[in-house]
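Me: I would like a close look at one part of this model, with the reasoning spelled out and the surroundings brought in only where they help.

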Amino acid sequence: MMKMKLLNRGLQLRKALISIKFLLENPRLYCTSSSNGQQKKQKETLYLKISPLGNPKIDVTPVLEKWVEEGRKVRFAELKRIVHDLRKRSRFSHSLQILEWMNKQATFTFSPIEHAMMIDLIGKVHGYISAESYFDSLSEQDKIDKTYGALLHCYVRQRQIEKSLSHLQVMKDKGLTLSPVAYNDIMSLYTNLGHYEKVPDVLTEMKQGGVSPDSLSYRICINSYGQRSDIAGMEKILKEMENQPDSVMDWSTYTLVANFYIKAHLEDKASDFLSRAEEMIDKKDTIGYNHLISLHANMRNKAQVLRLCNLEKNTCRCVNRDYINMLKCIVKIGELEEAKEVLKEWELSGNCYDFRVPKVLIDGYTEKGMYETAEEMLEDLMEKGKAPIPDSWSKVAEGYLDMGEMEKAVECMKIALTLREKDTAWKPKTSVITRLIEFVDSEESKEDANFVGTLRTLFRDDSKTDNSLLTVDNLQ
């Protein structure tokens, strides 16, 4: 019986390794979305030329030059729309290249708005010193509140506190019209530096200067009190915000407050504010639902988590990000069977395959000690042509080690090392490798000598590797 079990596991291992080899050679199979091969030919536009160039190291300027050389029109508004879209997708280098190209064309004239965009992008791509140089090169008529504000944002982003404060003072001295954005930047700077106690003073200064705080101003201040566990101060600012006629109360403010109530173990108050937040959420707003679900999961409120997950699935177009959040929260409250059902729904949703989604449930199984179930899931994914990551197999191997199932641990680690071809930055834990080597060493298995040799090569330059790795020499 034992020999038959080992034979079956050996066959399963070989089958898994064959599946991995096939997957590594056919990366196009990683996506679950189907295609009938009949795609409509889209009208060629400048956006469609630039959009696919995702690598930030690729210069988009030649694309613009070629477009013009072919006698095609380049419109100012169209280029601005492209820049706006690229910025939304954090493709700052390409956005900057387009603006720089535009700025060199005699047919285009930049207003302070475009100059402000340039300053912001230069700061993101090259840093605040380069942004300063561009700002200094502007004419005096272009140095208005928008361009000054963009430079302030560059200082804040790089946490330059002295430059930020002195720059804000210059803006005041010049009599520039200050909006809440400038003060919000300073409050954000203090927040990022952990100087929460200074945030309320900025809010007071803002009001004394005749600038009405906006919703973000109040949220930053509410956060500063919450971070210091000053619940009374938080409630006072919240009440002030609610009484301001121009303040927009939304779900994000109430979930922020609820989160600090949860941390203070005031769960009744937290539940009340989560109910208020739910009333304000747009029925198609998955981000809002994700926040509610996460906070209820933090309180281990199973009924609310499951109710909101069902509500989100029934009312929203859920993408992978939303399924990952739902699964994490359902696993957190211990409802693994429910998580399994949600995973099945995701598989039928038409979303592109992303291993991070099933990984949530696999991690849930390993955390519960259900290593065989986790292994079965991983094998099933590979049989379906879906490649997992090596770390998941390594976690299962570690679990088997803890259970004393050494042969199973070795098999799982072999698969993990094979998958490493697609994730060369990954390394198993040193403690796991040490235990595996000790086992193989004691077994004196010639077959596993190559396996351990691979581990030794992997850790050859790792100064933290346990000295027991040197026993591999005895196996070669």
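Is Cys 154 buried or exposed, and which residues does its partner Ile 119 touch? Please start there and work outwards to the rest of the chain.

Reply: This is a predicted model, and in it Cys 154 has a relative accessible area of 1%, so with buried meaning under 20% it counts as buried. Ile 119 is in contact with Cys 154 once neighbours within four places in sequence are left aside, and the other residues that Ile 119 touches on that basis are Ala 131, Tyr 134, Phe 135, Leu 138, Thr 147, Ala 150 and Leu 151. A second cysteine, Cys 412, has a relative accessible area of 0%, which means that it too is classed as buried. The structure nevertheless holds zero disulfides.

Ile 119 also leads to the wider setting, being listed with Leu 79, Ile 98 and Met 413 as the residues with the most contacts inside the largest nonpolar core, a set of 135 residues. The helix that gives the most to this core is H23, residues 406–419, with nine residues. Domain 1 (265–352) and domain 2 (370–460) both contribute residues to the core, and it therefore lies between them.

Moving along the chain from Cys 154, helix H8 (145–157) is followed by a loop and then by helix H9 (161–173), and that loop is where Arg 159 is found. Although Arg 159 is not a glycine, its phi is positive, at about 60°. Most residues other than glycine have a negative phi. Arg 159 has a relative accessibility of 45%, so this residue counts as partly exposed, whereas Cys 154 is buried. A second arginine can be read alongside this one: Arg 300 is found in the loop between helix H16 (286–298) and helix H17 (302–315), and here again phi is positive, at about 55°, on a residue that is not a glycine.

Helix H16, on one side of that second loop, also holds Thr 286. With a relative accessible area of 8%, Thr 286 falls under the cut-off and is therefore buried. Not counting residues up to four places away in sequence, Thr 286 touches Glu 312, Cys 316, Arg 317, Arg 321 and Asp 322.

Several partly exposed positions can be set against these buried ones. Helix H15, residues 267–280, is the place of Ser 275, and Ser 271 is found in H15 as well. The relative accessible area of Ser 275 is 40%, so it is partly exposed, and Ser 271, at 26%, is partly exposed too. The C-alpha atom of Ser 275 is separated by 9.0 Å from that of Tyr 254, which is 21 residues away along the chain, while the C-alpha atoms of Ser 271 and Asn 259, 12 residues apart in the chain, are separated by 9.9 Å. Glu 235, in helix H13 (residues 231–243), is likewise partly exposed, at 27%. Its contacts, leaving aside neighbours within four places in sequence, are with Tyr 261 and Lys 269, and its C-alpha atom is separated by 8.0 Å from that of Ile 222, 13 residues away along the chain.

The database record adds a way of dividing the chain. An unreviewed UniProt entry carries the annotation "repeat: PPR" for residues 144–178, 179–213 and 354–388, and the annotation "repeat: TPR", also from an unreviewed entry, covers residues 390–423. For residues 179–213 the end C-alpha atoms lie 9 Å apart, and the span is 66% helix and 0% strand. The ends of residues 354–388 are likewise 9 Å apart by their C-alpha atoms, with 71% of the span in helix and 0% in strand. In the TPR-annotated stretch, 390–423, the end C-alpha atoms lie 8 Å apart, and the composition is 82% helix and 0% strand.

For the chain as a whole, the secondary structure comes to 25 helices and zero strands, and 46% of the 476 residues count as buried. Among contacts between residues at least 6 apart in sequence, 59% join residues at least 24 apart. The chain exposes about 25700 Å², of which carbon and sulfur atoms supply 49%.

Notes: Residues numbered from 1 in each chain as written. Predicted model: local features only at pLDDT ≥ 70, side-chain atom pairs only at ≥ 80, totals over all residues. Heavy atoms only, no water. Helix = DSSP H or I, 4+ residues; strand = E, 2+ residues; numbered from the N terminus. Buried < 20%, exposed > 50% of the residue type's maximum accessible area, 1.4 Å probe, protein only. UniProt positions renumbered as here; feature names shortened; annotations may be inferred. Core = buried A, V, L, I, M, F, W, Y, C linked by side-chain atoms within 4.5 Å. Domains from an automatic or database assignment. Contact = heavy atoms within 4.5 Å. Areas by Shrake-Rupley, 256 points an atom, 1.4 Å probe, with all protein chains shown as cover. Disulfide = S-S within 2.5 Å.
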